[in-house]
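Please open the model in a viewer and keep the sequence panel visible beside it. The tour below proceeds by selections, each followed by a description of what is found there.

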Amino acid sequence: MADEAFTGIEAELGVTAACRLTGRSRATHYRQLRPPSERKPRKPQVQPSALTPEERAAVLELMNSDEYAELPPAQIWARELDAGRYHCSISTMYRILREKGQSGERRRQATHPAKTVPELVATAPSQVFTWDITKAAGPVKGSGITPTSSSTSSAATSSATPSSGPNQRYAPRN
């Protein structure tokens, strides 16, 4: 509707006045007169100095060799350059490692053994003294010492031997 009104007054008043009256920008008017031509899909551009798949495989094999397996790409690049060999840039080495999923830590990582929780096992009375007996193991696997309602605190204090002080957690076994 606005286009019809514009074309009606454009012929009489001119483009500038018609644009002012209709509130339309002159740039929009001229842009609509010559719409952009359809663009052809672009071919993917290949960098002329890009490494071939064979060269990339050779660089990956070099970085995974025994000599360089634990070194970062910057050190591999420097050592190869010192030896008079240039394969690719440092960033290309990182790109190759990233493509193969090897961009993490290259050094061997130490594995620590799982920590074991100390377990108190009592097979008879007065063998183990502890502050909290709710998790003490019993003589049979799966059975534990269950505290009674009010005798827990009195039993813990009465069973302590005179040799055990307040800071001594476990008494020696007999």
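The stops that follow begin with the whole chain and then turn to individual helices and residues.

**The whole chain**

Please begin with the entire protein, bearing in mind that this is a predicted model. Colour the chain by secondary structure: the protein has 7 helices and 0 strands. Read from the N terminus on, the elements run α-α-α-α-α-α-α. Of the 174 residues, 17% count as buried. Among contacts between residues at least 6 apart in sequence, 41% join residues at least 24 apart.

**Helices α2 and α3**

Next, select residues 15-22, which form helix α2, together with residues 26-33, which form helix α3. The two helices pack at an angle of about 115°, and their axes are 9 Å apart. At that angle, α2 and α3 are therefore roughly perpendicular to each other. Which residues make the contact between α2 and α3? Show the side chains of Val15, Thr16 and Cys19 on α2, and those of Arg26, His29 and Tyr30 on α3. By class, this contact of α2 with α3 holds 3 nonpolar, 2 polar and 1 charged residues.

**Two residues of α3**

Stay on helix α3 and select His29, which is found there. Is His29 buried or exposed? With a relative accessibility of 5%, His29 counts as buried. Leaving out residues up to four places away in sequence, His29 touches Phe6, Glu10, Val15, Cys19 and Arg24.

Now select Gln32, which also lies in helix α3. Its relative accessibility is 48%, so Gln32 counts as partly exposed. Again not counting residues up to four places away in sequence, Gln32 touches Asp3 and Arg24.

**Helix α4**

Move on to α4, residues 53-63. Display its buried residues, which are Val59, Leu60, Leu62 and Met63. Because these residues cover an arc of only 160° around the axis, they sit on the same side of α4. Rotate the view to the face turned away from that buried side, where the exposed residues Pro53, Glu54 and Glu61 are carried. What covers the buried residues of α4? The covering includes α5 and α6.

Leu62, in helix α4, merits a selection of its own. Leu62 is buried, with a relative accessible area of 17%. Leaving aside neighbours within four places in sequence, Leu62 is in contact with Tyr68, Ile76, Glu80 and His87. To follow one of these pairs, draw a C-alpha to C-alpha distance from Leu62 to Glu80: the two are 18 residues apart in sequence and 9.8 Å apart in space.

**Helices α5 and α6**

Two packed helices are described by the angle between their axes and the distance between the axes. Select helix α5, residues 73-82, and helix α6, residues 90-99. These helices pack at an angle of about 130°, with their axes 9 Å apart. That angle makes α5 oblique to α6. The crossing of α5 and α6 is right-handed. On α5, the contact is made by Pro73, Ala74, Ile76 and Trp77, and on α6 by Ile90, Met93, Tyr94 and Leu97. The contact of α5 with α6 comprises 8 nonpolar residues, with no polar and no charged ones.

**The two sides of α6**

Keep α6 selected and show its buried residues: Thr92, Met93, Ile96 and Leu97. Look down the axis of α6: these residues fall within an arc of 140°, so they line one face of the helix. On the other side of α6, Arg98 and Glu99 are exposed. Against what do the buried residues of α6 pack? They pack against α4 and α5.

**Beyond the end of α6**

Finally, select Lys100, which lies in the loop between α6 and α7 (151-158). Lys100 is exposed, with a relative accessible area of 53%. Draw a line from Lys100 back to Leu60: the two residues are 40 apart in sequence, and their C-alpha atoms are 8.8 Å apart in space. The last selection is Gly101, which follows α6 and has a positive phi, near 75°.

Definitions and conventions: Residues are numbered from 1 along each chain as its sequence is written. This is a predicted model: local features need pLDDT of at least 70, side-chain atom pairs count only at pLDDT 80 or more; totals for chains, interfaces and linings use all residues. Side-chain values use heavy atoms; hydrogens and water are left out. Axes are lines fitted to C-alpha atoms, for helices over the stretch in contact, and angles run from 0 to 180 degrees between N-to-C directions. Helices (H or I, at least four residues) and strands (E, at least two) are DSSP runs, numbered from the N terminus. Angles under 35 degrees count as roughly parallel, over 145 as roughly antiparallel, 65 to 115 as roughly perpendicular and the rest as oblique. A crossing is left-handed if the near helix is turned anticlockwise from the far one by less than a right angle, and right-handed if clockwise. Contact means heavy atoms within 4.5 Å. Ala, Val, Leu, Ile, Met, Phe, Trp, Tyr, Cys and Pro count as nonpolar, Asp, Glu, Lys and Arg as charged, and the others, Gly among them, as polar. Buried means under 20% relative accessible area, exposed over 50%, partly exposed in between (1.4 Å probe, protein chains only). The arc is that of the directions from the helix axis to the C-beta atoms.
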